[in-house]
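Subject: Structure handover

Hello,

Here is the structure for you to look over. My notes follow below it.

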Amino acid sequence: MRTFKLQIKGIVQGVGFRPFIYNLALKHHIKGWVNNDDKGVNILLYASYLNINLFIEELKQNPPKLSKINEINIKEITFLEEFKTFEIKQSLNTNNKSTIISADIAICDDCIEDINDVSNHRYNYTLTNCTNCGPRYSIVNTVPYDRCNTSMKDFILCSKCKDEYENPLNRRYHAQPVSCEVCGPNVTLYNKNNIKISYNLEAIEKTANLIKQGYILAVKGMGGFHLICDATNDKVVNRLRHIKNRPTKPYALLFKDINSIKNYTNLNLEEEEILTSKEKPIVLLEKKENSSISSFVAPNVNKLGCFIAYTGIHHLLFRYIDKPLIATSANLKDEPIIKTKEDIFTKLVDIIDFVLDYNREIVNSCDDSIIQVVKKYNIKLRNARGYAPTLIKLNESLDKKILSLGANQKSTISLAFENNLILSPYIADLNSIESIEYFIRTIETFKNFYDFKPDVVICDKHPNYESTKFAFKLKEENPNIKLIQVQHHYAHILSVMAENSLDEEVLGFAFDGTGFGEDGNIWGGEVLIASRKEYKRIKHIEYFKLLGTEIAIKEPKRVALSLLFDIFTLEEILNLDIPTTKAFSHTQIKTLHTMWQKGLNAPLCSSIGRLFDAISSFADILHTQTYEGETGLQIELNYDSSINACFSYEILEKTIDIKPMIREIIKEKDKKTICSKFINTLVNIILEISNSYKNLPVVLSGGVFQNKILLELLIDKFQEEGRVFYFNIDVPSNDSGISLGQIYHQFT
């Protein structure tokens, strides 16, 4: 008989790891014990050498489906004790926390069956979950992941639930949120005056009836509230748009199951697989024409953001309603998703008619993840519920603790310690007091998880980013902290390198909306030669002026006009008969020309994102946009794959001259031709520059590469050429990936 001790690190708590080990030990006739501590899982194995090897091999090949093993340390020890049984011991606490918090997981099929089983004591129980599903990140305060460290700590288990919780052979063994209607949290329906109307199943049925009657309800999900209403009712959808001041931005749709989604969208096998996965994210799908879904749900686009019911509340709701539902995050503009009933009544009382709440606290709010399938790649547009916190294992172990604070838009933070790199869920745009407070709260949450005190803090170089201001505040409060600033577009490229563990020089294309450049200008169309240590800017889109800065982002016609100012005289522009000039009065054009001439509130910009805006104005698609990325979606919608031509451009020594393209665009009348040739032009620019650096792998990052058509064309072209290339997949290419890139810069 031999004795071995195993220490396992990774996502190994709250995922059924200990009961899995218990049953695996019984299978291989092994004695000993297993426990959790704040580093991971510890196992003592007492058996024959053959049985221990069989145990370890099966553990490696077939671990629990929700777990992610990053490290197994195996050590044979001399132990005098002979074990008679295998047992699960109580968790231990040390002063060195490093176990990884698991993401929230959608309700599993077994729990759905329990809800629908008349003989089960969880029949109709809205908050049913087990070891294989349910909340994790959203309910935990610290590690180890035990009930006492979650928002379930005050719910005392009844005898039935306790028996399951303490039985290693039961799938609810040490499932921390386990409960039932007798001993756990329950749902309550409130009216607009915060008066209780009904409870549990009656509340669910009443909620469904209210939705069918055309009311808007705030319904508590796993990581926060959704605003929910009937997606087939034009009147209520328009009312929601009016009171939320959201004219055209698409709403996400919640469906009962995959078959329901098929009635309204054209989806492929890859999209179906991700929709029905254990994470159940929102997936962007091509919508069918002439469906019963209101045309106001996603006006002027051919996509729907769809997801499947992922909580017991959702499944019970669809028992009484057979329609797709709008399920959009309950928040005000630029604020994080709301997690308490009190905030719903404070902030959204003018929007909601009723509130469906439950009395389990959401400790850490977490929005829904968004996925777009591109050439069989599941591209994350928002990394949150189901996937985050996201762990990337490092090849080396750090001797310092590093905190990176990301950008201002689509904020995230990242932490690095030992050989762990952890990316937080999506936070929010840091444009409001509430979002900044949530940003700071998230930092404190992760510091609390791991008793984390940073030695190094990293931020963007933009002096007005709230994340940058916070970094300097940390430095001021803790002079021993080392503060490092990393350029925005370099961080974009580094995010891809981190995701793919690249430790070599690359040719990086960083195309986005805005980012603070080293020269003080607004960058966004950058070509870099980059390594983990440093970068060199080798090319960029020739600068043009943003007329009015922030206003120009909302008014694409200003960007287009500025590009015209670079080419034509004022008199020539006033005589142009094109959609862009028609969008202004002559007086407005003259005023903006003065602004352009004198550089008044007109910073220099090299952004491809803003170039998309200009093209939408030239093509007479959008002269004013109401949400970020609207012009990109419209150009994508108007792309015609039968058009292979592109516009003219010139690659100069340090810049990319697009003036020839603008001259040709204003002569073109067909919007599909303009949009198609523009996308093709970007592809050709990237390919031409790439062919000058054939010895370097190509890296693509930045929000522009969320354009599905552009990315698909580039994937096809690079694969045809046999070129080595990388782009963001598990980490968003937008600014949510910036914190990861910032932190990867320090591993040199």
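I start with the second largest cavity. Its lining residues divide into six nonpolar, seven polar and one charged. Keep in mind that this is a predicted model.

The second largest cavity has a volume of about 100 Å³. Its lining is made of 14 residues. Nearest the centre lie G14, V15, G16, R18 and H174. Helix α1, residues 17-27, gives the largest share of this lining, with three residues.

Now the annotated site. For "active site", UniProt lists R18 and N36, in an unreviewed entry. These residues span 19 positions in sequence, yet no two of their C-alpha atoms are more than 8.0 Å apart, so they gather at one spot. Where do R18 and N36 turn up among the cavities? Both are in the lining of the second largest cavity. R18 is found in helix α1. Is R18 buried or exposed? Its relative accessibility is 5%, and buried means under 20%, so R18 counts as buried.

The other cavities. The count of cavities of 30 Å³ or more comes to six. The largest cavity has a volume of about 120 Å³. It is lined by 16 residues, and L127, M222, T311, G312 and R360 are the closest to its centre. By class, that lining has seven nonpolar, seven polar and two charged residues.

Next, a pocket. The second largest pocket holds about 500 Å³ of space. Its lining counts 23 residues. I11, K68, G386, Y387 and T390 lie nearest the centre of this pocket. Two elements give two or more residues to the lining: β17 (377-382) and β18 (390-393). Which of them gives the most? It is β18, with three residues. By class, the lining of the second largest pocket has 11 nonpolar, five polar and seven charged residues.

On to the domains. Both annotations below come from UniProt, from an unreviewed entry.

- "Acylphosphatase-like" covers residues 3-90. Over this stretch the chain is 27% helix and 41% strand. The C-alpha atoms at its ends are 20 Å apart.
- "YrdC-like" is listed for residues 201-386. Over this stretch the chain is 27% helix and 26% strand. The end C-alpha atoms here are 26 Å apart.

The domain ranges can be read against the sites above. R18 and N36 are the "active site" residues in the record, and the "Acylphosphatase-like" range runs over residues 3-90. G386 is among the residues nearest the centre of the second largest pocket, and the "YrdC-like" range ends at 386.

Last, a piece of local fold. Strand β22 (residues 456-459) and strand β23 (residues 482-485) pair over four bridges. In which sense do β22 and β23 pair? The sense is parallel. One bridge can be named: C459 has Q485 in β23 as its partner. Helix α12, residues 466-477, joins the two strands in a β-α-β unit. The unit of β22, α12 and β23 is right-handed.

If you open one place first, try R18 and N36. They are the pair listed for "active site", and they help line the second largest cavity.

Best wishes

Methods:
Residues numbered from 1 in each chain as written. Predicted model: local features only at pLDDT ≥ 70, side-chain atom pairs only at ≥ 80, totals over all residues. Heavy atoms only, no water. UniProt positions renumbered as here; feature names shortened; annotations may be inferred. 1 Å grid on protein atoms, 1.4 Å probe; cavity = no way out; pocket = protein on both sides within 12 Å on 5 of 7 lines; lining within 4 Å. Points joined across faces, edges and corners; volume = space filled by probe spheres on them. Nonpolar A, V, L, I, M, F, W, Y, C, P; charged D, E, K, R; others polar. Pairing = 2+ DSSP bridges. Right-handed = clockwise from strand over helix to strand, strands pointing away. Buried < 20%, exposed > 50% of the residue type's maximum accessible area, 1.4 Å probe, protein only.
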